[in-house]
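Me: I am new to this structure and would be grateful for a close look at a single part of it. Please explain how two of its helices pack against each other, and add a word on any unusual backbone angles.

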Amino acid sequence: MSLTSSDRKTLVDMMVKSIPPISWSLTSKTVSHDDAKKIAEGIEKTAWESASSSSGERSELLRAYTSSASKLLLADMKTRTDEVADVDQGFAHSAAFWEAEKATLIMELENGELSSGSAGIRVRTKQVLSWLSKVSREEGGTESSELKRLTPAELKRIIEMDCFRTFMDDGNRAIMRGVLEKATIPTNGEYHQAMARVYAFIMLVVDENNALELLSTMYRSPKYRLSNYWRNQAVGIAEDAHLLEDLLRSKNTALSEKLAELGCTVGSWAPKILAALGVGIVPFSALFQFFENFVIEGANFLLKFSLAMFEVLEPELNDCENVASALCLLRFNASPLDLEGKDAVEWSTKICSSVLAAAARIELPPQEELEKKREAIRNSVLKESIARASGQCEEDEDDGIHDCGICTEGLADLYCNDCEAEWKF
């Protein structure tokens, strides 16, 4: 015997009347496991009492149906609350984090996008977790290299310094240290300071396990070129910085010549996009979309975003009279401009949104052509620097100053492992 439509309506009415907030509880996912149990028990109790006033088979069916429904509900609610508990490990879910880290550099561009206890955190948490299903899991991005690697002692020292720069609270620094130590296990001694920034950004909304799975998977995939960017020697950054200069020259010769005249090389801002993935210069309101596009499109998105940035900022760049003003624009920093009272973050947000939209229209040369350009850059422009960084040629001892391997012409805009230049953001 099956339940009639009338029986089903009776059951639904009993559930709704007995536990008014049930629909809210199921959609918000904020109810605790104990509350979920109380809801299920309340439904079963009310339905059972109503069913007991019926007779015969109908009464038995109602009892069985409501009992099964409550068990299913309980199981569903437990799964939902367990998921919430799992993702609530992100830094931004804690009110204490906001109190301790509200003045840190990584939070300067948050601008209300995430607020302790707000729905915005959950929206962004869900978005970041969705990237795990979108990320390319093709492996082969890592490669052996003759370039000098960090010793365990050097790696430990640099990670410690990066944790100190990233957070102010000792507890948060300790968590960050543990994550970076795990993140560098598969890199065979390769490390770049931008890793600290990127991991810190992702860990604002998800726990360390999800952050490690996402970024470690991306590191291994050639699609993202992170194993080229996140290295002690900035070969990949220099390579793609020169590639961007070449692409800009072919797309907009006049602007390329203007930047060259100012002395504004792509390498002077490229690490913030190629290595730090926009963390530190892109406002959070655009940064999540920036990162999602990177997850989907890979390193090609970074090239498209950079070219789109030139397109959007061309009028302002043409008005620049010195390299400082140009660099501020290319780092989405409006401080040297006359904003006529406009908020700098508001300006930056508007510009970044325009750049994201423009990037969708940018067309790159075929992938095969891009790889040929990179190979040509390695074999010509970077040949001497790579040899020097790998110890295959002698240092210039005329002035007692040792060159910083690959990161010449301002390429080490983050923190250079070798020359210990200041990490600027």
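Reply: What follows treats one helix pair and then two loop residues. The model is a predicted one.

Two packed helices are described by the angle between their axes and the distance between the axes. Here the pair consists of helix 16, residues 299-319, and helix 18, residues 344-359. Their axes are 8 Å apart and meet at an angle of about 120°. Angles of 65 to 115 degrees would count as roughly perpendicular and those over 145 as roughly antiparallel, and helix 16 and helix 18 are therefore oblique to each other. The crossing in which helix 16 passes helix 18 is right-handed. On the side of helix 16, the contact is made by Phe301, Lys304, Phe305, Ala308, Met309, Glu311, Val312 and Leu313. Helix 18 contributes Trp347, Ile351, Ser354, Val355, Leu356, Ala358 and Ala359. By character, the residues of this contact comprise 12 nonpolar, 1 polar and 2 charged.

The backbone angles come next. Most residues other than glycine have a negative phi. Asn111 is not a glycine, yet its phi is positive, at about 50°. Asn111 belongs to the loop between helix 5 (95-101) and helix 6 (119-134). Its relative accessibility is 52%, and exposed means over 50%, so Asn111 counts as exposed.

Leu277 also has a positive phi, near 55°. Leu277 is found in the loop between helix 14 (270-274) and helix 15 (284-297). With a relative accessible area of 0%, Leu277 is buried.

Methods: Residues numbered from 1 in each chain as written. Predicted model: local features only at pLDDT ≥ 70, side-chain atom pairs only at ≥ 80, totals over all residues. Heavy atoms only, no water. Axes fitted to C-alpha atoms, helices over the stretch in contact; angles between N-to-C directions. Helix = DSSP H or I, 4+ residues; strand = E, 2+ residues; numbered from the N terminus. Parallel < 35°, antiparallel > 145°, perpendicular 65-115°, else oblique. Left-handed = near helix turned anticlockwise from the far one by under 90°. Contact = heavy atoms within 4.5 Å. Nonpolar A, V, L, I, M, F, W, Y, C, P; charged D, E, K, R; others polar. Buried < 20%, exposed > 50% of the residue type's maximum accessible area, 1.4 Å probe, protein only.
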